[in-house]
Every structure is written in C-alpha cells, then in structure tokens.
Amino acid sequence: MRALMTKLEQATALDRTGDRLQRAVQATLRPQRVRDLLHGVFLGHPLHPAMVQVPVGAWISAAVVDLLPGQRRAATTLVALGTVSAVPAAVAGLNDWAELSRDQRRVGLVHAAANTVGLTLYAGSLVARLTGRHGVGRALAYLGLGAASAGAYLGGHLAYKQGAQVSQSVSELHRMGDGWRPVADLAGLPQRTLVTREVDDVSVILYRHGDEVTVMLERCPHQSGPLGEGEVQEIDGHACVVCPWHGSAFRLNGGEVVHGPSATDQQILPTRVVDGTLQTRLP
C-alpha cells in the first residue's frame, strides 16, 4: 500500500482532470463567505471531517442492522440518512480539495472517486429497498461500504501522511525550548507593521498596536505560507494578517482565522516586557 500511495501522489496523468475540476469547483463555490462556511472557519476546525461522521455512521449501522432479522425498515432508513447526508459532506470536501497542493489533489481526486462510487451504490441500494428488492439492496450496500472504506483510507492518507487541512505551523512549537526568550527591543518596534524575528530558529511575526504586541507563528497553518510577507488588513473591525499564498486571514489580536482556506486558528505566543525587552515563550 505504501508503494501504491507513492505512485498515486506522483500520478501526473491525474492533473488534467484534477485541474479542470479545481477550476470548476472554485468557479461554482462563491462568494468567499460560502467557502469559509464550507471550510469550517466558524468552527476553527475543518468542517468536512465532522460532516462525514453522519453518512459513515449511518452506513455502518445499516450494515449491522442488515444482519438482523425483521429490520428492513430500519436498514432502509439508515441507508437513506447516509445517502442524503453524504451530499453536503462531499461539497465541503470538494471545497477543501480545491485549495490543496497538486500532489494532495491527486490522492484527493481518487478519494472523491471512491466515495462517489460508494454513494452511487448506496443510492442504488436505497432504490432497490424502496421497490421491494431487499436482497439486491443489501448486496449494493455492502459493495458501497467497501468503496467508502477505500475512500476513507485515502482520506486518512491525505490527512496523516500528506498533512491536508491540518495545521502546518503548530509543529514549530516543538522546536522551541521552555522559558522566556528575548525577541525584540520594544522601543524599536514600529507601530502597526509586521516584523519577522526568530525564536530558537522558529520564525515568528510581531505586530505592535500601541503598547500591545502580538507574537504569532509565521508559517501559515494552511500550506506553510510566509505570513511575514503578507498584508495587514482590517476585517470586521480587527487588524488581520493575510497570507500572500492563498489568502487565509488571521486576527492579529488573537490568532482566530477569519477567512479560509485555513480552517484552524494561528498560534499566538504569550509575551511580557522586561527592562524594555519584549520576551515570549511557549503557550
């Protein structure tokens, strides 16, 4: 499986289809507030993984219920619930997929294809059950569960091997030592201007507003973009840093994500001033 996944990551033949689908998704899912909703910005957590719990749970439950006598109605209800709830989960997944890097999109394309096959089989199962062909419905459901399970494996590879839609910046904290670290001379920090510094070889950005100074990890959680090269914009009354790579925006007074494609907040570090020197440490 490792060799197969590596080949899939490098399968450039998928790029033509993937690039076309990416353009179609980005053209369809507008405006920005719709994309933010589907990314899970309001949760501070990707929405797609949470949404898939409903169809997966319903389909697995249906597989168990199908083994019990006299449970045709319950099994049909569960298959219907899973089939209907899979559609919005797929839309959220496509929205996330369209913002991934090319090697991630290759695996994601096959992930989506496997889940589409599974959804189609479950839709066929539902039709068969509703028309009295319960044996056919059970067979199609078990085939659908197999396809959805393959899709789930690919989804796990995307998240845990390729880091899709997980924070790319939080691992930087593991490179910092304990205790307070000097980071800048407070008097030398300009007002309302992004300044990049390093703490134990970890890049951070500093933003001073009056006597308050924010120290934030510099790598964007989405795809490690350089927030230090981004712009400061006022969004909903808050000063925010906007990633120059993909446009994710984070509040400078708290790190909360306000625009995707990132769905996770950016890490803010505690600060203090000692003898005119700004210091920071691990949270």
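β3 and β4 run antiparallel and are joined by 6 bridges. Strands here are DSSP runs of E with at least two residues, helices are runs of H or I with at least four residues, and both are numbered from the N terminus. Two strands count as paired if DSSP finds at least two bridges between them. The model is predicted, so local features need pLDDT of at least 70 and side-chain atom pairs count only at pLDDT 80 or more, while totals for chains, interfaces and linings use all residues. Residues are numbered from 1 along each chain as its sequence is written, and side-chain values use heavy atoms, with hydrogens and water left out.

## The open sheet

R208 of β3 has V213 as its bridge partner in β4. These two strands form a hairpin with 2 residues between them, and G210 in the turn has a positive phi of about 70 degrees. On β3, 7 of the 8 residues are buried, where buried means under 20% relative accessible area, exposed means over 50%, and partly exposed lies in between (1.4 Å probe, protein chains only).

β3 also pairs with β2, in the antiparallel sense and over 5 bridges. V195 has L206 in β3 as its bridge partner. The hairpin of β2 and β3 has 2 residues between the strands, and D200 in its turn takes a positive phi of about 50 degrees.

β4 pairs with β9 as well, over 2 antiparallel bridges. In that pairing, M216 stands opposite I268 in β9. Together, 4 strands make an open sheet in the order β2-β3-β4-β9, with antiparallel pairing. β2 (195-199) and β9 are at the edges with a single partner strand each, so one side of each has no neighbour in the sheet.

P226 is located in the loop between β4 and β5. P226 is buried, with a relative accessible area of 13%. Its C-alpha lies 12 Å from that of M216, and the two are 10 residues apart in sequence.

## Further hairpins

Two further strand pairs are set out in the table.

| Strand pair | Bridges | A bridge partner pair | Positive phi in the hairpin |
|---|---|---|---|
| β5 and β6, antiparallel | 5 bridges | I235 and H238 | D236, near 55 degrees |
| β10 and β11, antiparallel | 4 bridges | T271 and T280 | D275, near 55 degrees |

The hairpin of β5 and β6 has 2 residues between the strands. The hairpin of β10 and β11 likewise has 2 residues between its strands. β10 covers residues 271-274 and β11 covers residues 277-280.

The UniProt record, an unreviewed entry, places the feature "domain: Rieske" at residues 180-280. UniProt positions are given in the numbering used here, feature names are shortened, and annotations may be inferred rather than shown by experiment. The span 180-280 is 0% helix and 50% strand, and its end C-alpha atoms lie 5 Å apart.

## Helix α7

α7 has 29 residues and reaches 41 Å from its first C-alpha to its last, close to the 42 Å expected at 1.5 Å a residue. The expected span is 1.5 Å times one less than the number of residues. G132, just after α7, has a positive phi of about 85 degrees.

## Pockets

A pocket is an open set of points on a 1 Å grid over the protein atoms alone, where a 1.4 Å probe fits, with protein on both sides within 12 Å along at least five of seven lines; lining residues have an atom within 4 Å of a point. Grid points are joined across faces, edges and corners, and a volume is the space filled by probe spheres set on the points.

The largest pocket holds about 1100 Å³ of space. Its lining has 39 residues, with H48, V52, H111, N115 and G155 nearest the centre. At least two lining residues come from each of α4 (47-51), α5 (53-65), α6 (72-97), α7 (102-130) and α8 (134-161). α8 gives the largest share, 9 residues. By class, the lining has 24 nonpolar, 14 polar and 1 charged residues. Ala, Val, Leu, Ile, Met, Phe, Trp, Tyr, Cys and Pro count as nonpolar, Asp, Glu, Lys and Arg as charged, and the others, Gly among them, as polar.

The second largest pocket has a volume of about 310 Å³. It is lined by 17 residues, and Y207, H209, A239, L252 and N253 are the closest to its centre. β3 (202-209), β4 (212-217), β5 (231-235), β6 (238-242) and β9 (268-269) each supply at least two residues of this lining. The largest share, 4 residues, comes from β4. The lining of the second largest pocket divides into 7 nonpolar, 7 polar and 3 charged residues.
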